[in-house]
Each structure stands twice: as C-alpha cells, then as structure tokens.
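Thank you all for coming; I would like to spend a few minutes on how the inside of this chain is put together. Please have a look at the sequence and the model before I go on.

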Amino acid sequence: MLFRSDLNLTISGTGTISLNKTPITGTTSCASTCTRAFDDGTVVTLTPSVADATTWRFGAFSGACSGATCQVTMSEDRDVTATFVRLRTITVDDISGGYVTSGAADALGDAINCGDVPAETTENCTFHPDTTAEVVLTAHYDGTTSRFAGWTDTYCAAHKSGTLDKVCT
C-alpha cells in the first residue's frame with residue numbers, strides 16, 4: 001500500500017516557489033496555504049525565484065526546512081513557509097564635483113558609488129536595499145573645487161540616514 005503525505009506551502013511576499021520544477025506563484029500569500037500531495041519517500045526540492053529582482057528578493061524558508069535552500073523527504077505532512085522580502089529603490093542624482101556612497105551593499109550586491117572627483121559630472125545611481133535595512137548615504141567632496149551643499153529634497157535633508165525610499169538629489 002502506497003501512502004501519501006501533504007506538503008503545505010505558504011508564500012509570504014511576491015515570488016514563485018517551484019516544487020520539483022513545477023512553479024507555484026504567490027502574491028501577498030499563496031491563498032494562505034498551497035497543499036500538494038506526494039508519495040511517501042518522494043524527495044521534494046523547493047526552489048525560489050522572483051520576476052523582478054529590483055523589487056523583491058528571496059529571504060528564507062522556515063518550517064520543515066530553514067535557510068536559503070529546501071529539500072524534504074516526504075514521510076508525513078510537512079509545513080514550509082517561503083518568505084520573500086520587499087526591496088525599495090533609492091536614486092541619487094545631480095552629482096557635480098563629488099561623489100556619494102552608501103557603504104553597504106544592497107540585496108543585488110551593489111552599493112551606491114556615484115559621481116567622480118574632481119570631474120564635473122552628473123550621474124544617476126540606483127540602489128535596491130531591503131525595506132528594513134538602514135541606509136546611510138555619505139556625500140564626499142574634495143573641499144577645494146567642490147563642496148557638499150546638502151540634499152535638495154526636504155525629506156532627504158531631514159533624513160540623512162535611515163529608511164529612505166525616495167530620490168535624493
């Protein structure tokens with residue numbers, strides 16, 4: 001007699017989880033829980049993906065497996081949650097005679113490092129940190145041919161570090 005067990009999958013955030021290469025897509029959640037039955041002894045590999053890596057990234061699995069990867073051998077009902085993390089966009093532009101750095105890398109492995117000293121350049125740089133990450137933007141200038149006049153946006157001027165989700169010029 002062949003026994004079957006349920007894999008109960010909850011998707012938090014926006015992303016897709018493939019079960020043995022068959023995608024299950026979630027928006028805010030996967031209708032609370034997506035359930036798929038598997039024969040006992042079946043090894044199920046859960047693979048996360050996102051459609052737009054500038055707005056979402058995969059966070060982690062929890063439940064029957066944890067961390068960045070998930071593989072379960074079905075022998076009883078299993079519960080797994082896949083959490084996707086929302087990213088935000090920060091853009092720095094109108095840099096002339098200096099440069100701006102963010103220090104830490106964003107979810108795509110990039111950091112803001114725009115502008116050029118001492119050349120008079122105007123560049124746009126975009127950064128995609130997690131919505132929960134603190135971002136510290138630092139303006140650099142040489143002090144002789146350029147100076148930092150401040151952020152021109154009132155929001156950015158009031159929030160020199162922290163959870164910016166705005167264009168700071």
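When I say contact, I mean heavy atoms within 4.5 Å. Please also keep in mind that this is a predicted model.

Let me start with one residue, Phe61, and ask what Phe61 is in contact with once we leave aside its neighbours within four places in sequence. The list runs through Ile17, Leu46 and Pro48, then Ser66, Gly67, Ala68, Thr69 and Cys70, and finally Val80, Thr81 and Ala82.

That leads us to the nonpolar core. The largest one has 18 residues, and Phe61 belongs to the group that touches the most other members, together with Leu7, Ile17, Val44, Leu46, Val72 and Val80. As for where this core comes from, at least two residues are supplied by each of strand E1 (4-12), strand E2 (15-19), strand E5 (43-49), strand E6 (56-63), strand E7 (70-73) and strand E8 (78-86). There is also a second, separate core of five residues, and among them are Ile90, Val100, Phe127 and Leu137.

Now to the aromatic rings. How many aromatic pairs does a search of the whole structure find? The search returns two. In the pair of Phe58 and Phe61 the ring centres are 4.8 Å apart and the planes stand at 50°, so this pair is classed as tilted. The pair of Phe58 and Phe84, by contrast, is edge-to-face, with 5.2 Å from centre to centre and 70° between the planes. This second pair links distant parts of the chain, since Phe58 sits in strand E6 and Phe84 in strand E8, 26 residues apart. Taken together, Phe58, Phe61 and Phe84 form one aromatic cluster.

Are these rings buried or exposed? Both Phe58 and Phe61 are buried. Phe58 counts as buried because its relative accessibility is 16%, where the cut-off is under 20%, and Phe84 counts as buried because its value is 4%.

Finally, I come to the cysteines, and you will remember that Cys70 was one of the contacts of Phe61. The count comes to one disulfide, which joins Cys65 to Cys70 with an S to S distance of 1.8 Å. The link of Cys65 and Cys70 is left-handed, with -75° about the S-S bond, and both Cys65 and Cys70 are buried.

Conventions:
Residues are numbered from 1 along each chain as its sequence is written. This is a predicted model: local features need pLDDT of at least 70, side-chain atom pairs count only at pLDDT 80 or more; totals for chains, interfaces and linings use all residues. Side-chain values use heavy atoms; hydrogens and water are left out. A nonpolar core is a set of buried Ala, Val, Leu, Ile, Met, Phe, Trp, Tyr and Cys residues joined through side-chain atoms within 4.5 Å. Buried means under 20% relative accessible area, exposed over 50%, partly exposed in between (1.4 Å probe, protein chains only). Helices (H or I, at least four residues) and strands (E, at least two) are DSSP runs, numbered from the N terminus. A disulfide is a pair of cysteine sulfur atoms within 2.5 Å. Rings of Phe, Tyr and Trp (its six-membered ring) pair if their centres lie within 6.5 Å; planes under 30 degrees apart count as stacked, over 60 as edge-to-face and the rest as tilted.
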